[in-house]
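Good morning, colleagues. Please bring the sequence and the structure up on your screens, and I shall go through some of the details with you.

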Amino acid sequence: MNESNQHRKLNTSSAAHSGASSARGTSGTGSASGSGRKINRSGASAGTSAGASRTVYHAPGSAASGTSGRAAAPRSVSGGSGHTAASRPASGTSGRTAASRSAARPAAGGSSAHAPAPRARKKKKGGALKAVLITLCCVFGALALGLFGLYQWVVHSISPEGGNPTINEIINTPTEYKRDVVNVLVCGIDYEEGRAYTGDGSNDGMTDMIMYVNFDVANHKINMLQIPRDTYPGEKYKHGNTGKINAVALHNDGIGSLMELIYEQYKLPVDYYVTIDMQSLKEIVDYFGGIEVYIPKDISFKGSTLEQGYRNLNGEAAEFFVRNRNYAQSDIARLDMQRYFYQGLFARIRTATVWDLAKLAPVALKYVETNIPMDQLISMGVSFLQVDSANIMMCKLPTYSAAQRYNDQSHLICDVAKTTDLLNQYFRTYGGPVYELDVPTLATVGESTDPNVQYMGQLDTEAETAQTGG
């Protein structure tokens, strides 16, 4: 940092010159006139030149003086003695001598050794305040630029490559409810290594976790619908001959196609989407230092085991917990188990500090993609923290098992009647009921699954009971 420039103080006073030049006088001598002028004609002292100047004083009150009661300024004339009138003041002068006046007034053409030094320039009173204000402006300017850069980086990080997908606005929440309700499709993308989802054997990701989130901002409520990944999507949208909804985004126009399907078949408006790379789960949990989760029963699969109880799960254990489907109902049971993880994650987020979120941000920005505008995302985050866990509901789409396999793969068929009632009760409280859905079906067997409506507050109670040894 450059040092500030200091003013160089100039020495404006000059020392008396030795051998100062004498004042020029008139040549020759003259006698005192009748005007009362008195001339000192004393002889020259030793060592002085014959042409040394002599000083003439006018008597007070004389016409030459032009003043009354004060001695006139000295006038030098040529050809006098080296003595000045300072040794013999003129009679009739006032209390101030000519010598004192001569000393106070330097001779013409020279400078006195006793001349007063120039006054130092006074510092302006507002100078320090001005410097402080300029510094503060610079600091705040740099901070503003930094925050703007950070904002642009965050927006770029969470925005999809190639820009947001083209989504027909008809699927959005009706305008009259936009300020009160926000509907978001949240999907977990599975890029697990060793799994081939496309014809060329590559793994471009499947939406193995699909959740429709209805955020009633006005009433501080959140309702979440879990859609099983094996649900049959019909034939309008390509699904890679799997007969499963989790392949729709991959084989069509991305997440936008899945959003359109949700609106067309289930009559649920969708405003935004959020996709999360499932590989991020381990990192997110480890950045939090683990997540406290209640495990309702023992889980074992391929040598990995989680015992029933209130446990602190690290990233690896959490991934095993949410991915395992070694249950009698396979994916359906897995959805119920995942709720316990959501409960622990939400509880941890509510107690997160600014530093926790700062540590989590790089991971979230790396693995999360969304078309939610940044200001809307921040507003939703603040509103979410105001929602009581007793007002956060989770349920799952009621489904049947298909009567036959689709391209040698098992899949699930939506129970349209149960689903219609479920959506009208919890997800259409603001737009009126819908009595007919366009969900495609096939032949089924057995009974449909229960939506298993649960509130986060209930899960909190289970976890607290387990934590206290109940």
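His220 counts as partly exposed, because its relative accessibility is 34%, between the limits of 20% for buried and 50% for exposed. This residue sits in the loop that joins β5, residues 206-216, to β6. Its phi is near 55°, a positive value in a residue other than glycine. I mention the sign because most residues other than glycine have a negative phi. Please keep in mind throughout that this is a predicted model.

Lys302 offers a second case: this residue is not a glycine either, and its phi is positive, at about 50°. Lys302 belongs to the loop between β9, residues 299-301, and β10, residues 304-306. Is Lys302 buried or exposed? With a relative accessible area of 75%, Lys302 is exposed. A glycine with a positive phi can be found just after helix α11, where Gly469 takes a value of about 90°.

Let me now turn to confidence and overall composition. The average pLDDT of the protein chain is 75, and 63% of the residues score at least 70. Over residues 1-113, however, the pLDDT is below 50, and this stretch has 101 contacts in the model beyond near neighbours in sequence. Residues 146-158 also stay under 50, with 13 contacts beyond four places in sequence.

The protein chain has eleven helices and 17 strands. Of its 470 residues, 39% are buried. Considering the contacts with a separation of 6 or more, 68% are between residues 24 or more positions apart.

Next, the interior. In soluble globular proteins, nonpolar side chains tend to be buried together. Here, the largest nonpolar core contains 48 residues, and those with the most contacts inside it are Ile222, Met224, Ile299, Leu306, Leu313, Phe321 and Phe341. Which helix gives this core its largest share? That is helix α7, residues 331-350, with seven residues. Apart from this core lies another, of 32 residues, which includes Val181, Leu258, Met259 and Tyr273.

Phe321 deserves a closer look. Leaving aside residues up to four places away in sequence, Phe321 touches Val293, Ile295, Ile299, Leu306, Leu313, Met337, Tyr340 and Phe341. Phe321 is also one of the buried residues of helix α6, together with Gly315, Ala317, Ala318, Glu319, Phe320 and Val322. This helix, residues 315-323, is mostly covered, with seven of its nine residues buried. Among the elements that cover those buried residues are α5 (280-287), β8, β9, β10, β11 and α7.

Helix α11 can be examined in the same manner. Its twelve residues, 456-467, should span 16 Å at 1.5 Å a residue, and the end C-alpha atoms are indeed 16 Å apart, so the two values agree. Which residues of α11 are buried? They are Met456, Gly457, Leu459, Asp460 and Ala463. These residues lie on the same side of α11, because they cover an arc of only 155° around the axis. The cover over the buried residues of α11 includes β6 (221-227), β8 (291-295), β11 (309-313), α7, β13 (392-396) and β17 (454-455).

Two contacts between distant parts of the sequence follow. Leu423 lies in helix α10, residues 416-426, and counts as buried because its relative accessibility is 0%. Leu423 and Leu268 are 155 residues apart in sequence, yet their C-alpha atoms are 8.4 Å apart in space. Beyond residues up to four places away in sequence, Leu423 touches Leu225, Tyr266, Leu268 and Arg428.

Ala443, by contrast, is in a loop, between α10 and β16, residues 444-445. Its C-alpha atom is separated by 7.6 Å from that of Gln404, 39 residues away along the chain. Not counting residues up to four places away in sequence, Ala443 touches Ser401, Ala402, Ala403 and Ile413.

I shall finish with the cysteines. A disulfide is a covalent bond between the sulfur atoms of two cysteines. How many disulfides does a search of the whole structure find? The search finds zero. Cys187 is buried, since its relative accessible area is 0%. Cys395 likewise counts as buried, at 0% relative accessibility.

How values were computed: Residues numbered from 1 in each chain as written. Predicted model: local features only at pLDDT ≥ 70, side-chain atom pairs only at ≥ 80, totals over all residues. Heavy atoms only, no water. pLDDT = per-residue confidence, 0-100. Contact = heavy atoms within 4.5 Å. Core = buried A, V, L, I, M, F, W, Y, C linked by side-chain atoms within 4.5 Å. Buried < 20%, exposed > 50% of the residue type's maximum accessible area, 1.4 Å probe, protein only. Helix = DSSP H or I, 4+ residues; strand = E, 2+ residues; numbered from the N terminus. Expected span 1.5 Å × (residues − 1). Arc of directions from axis to C-beta. Disulfide = S-S within 2.5 Å.
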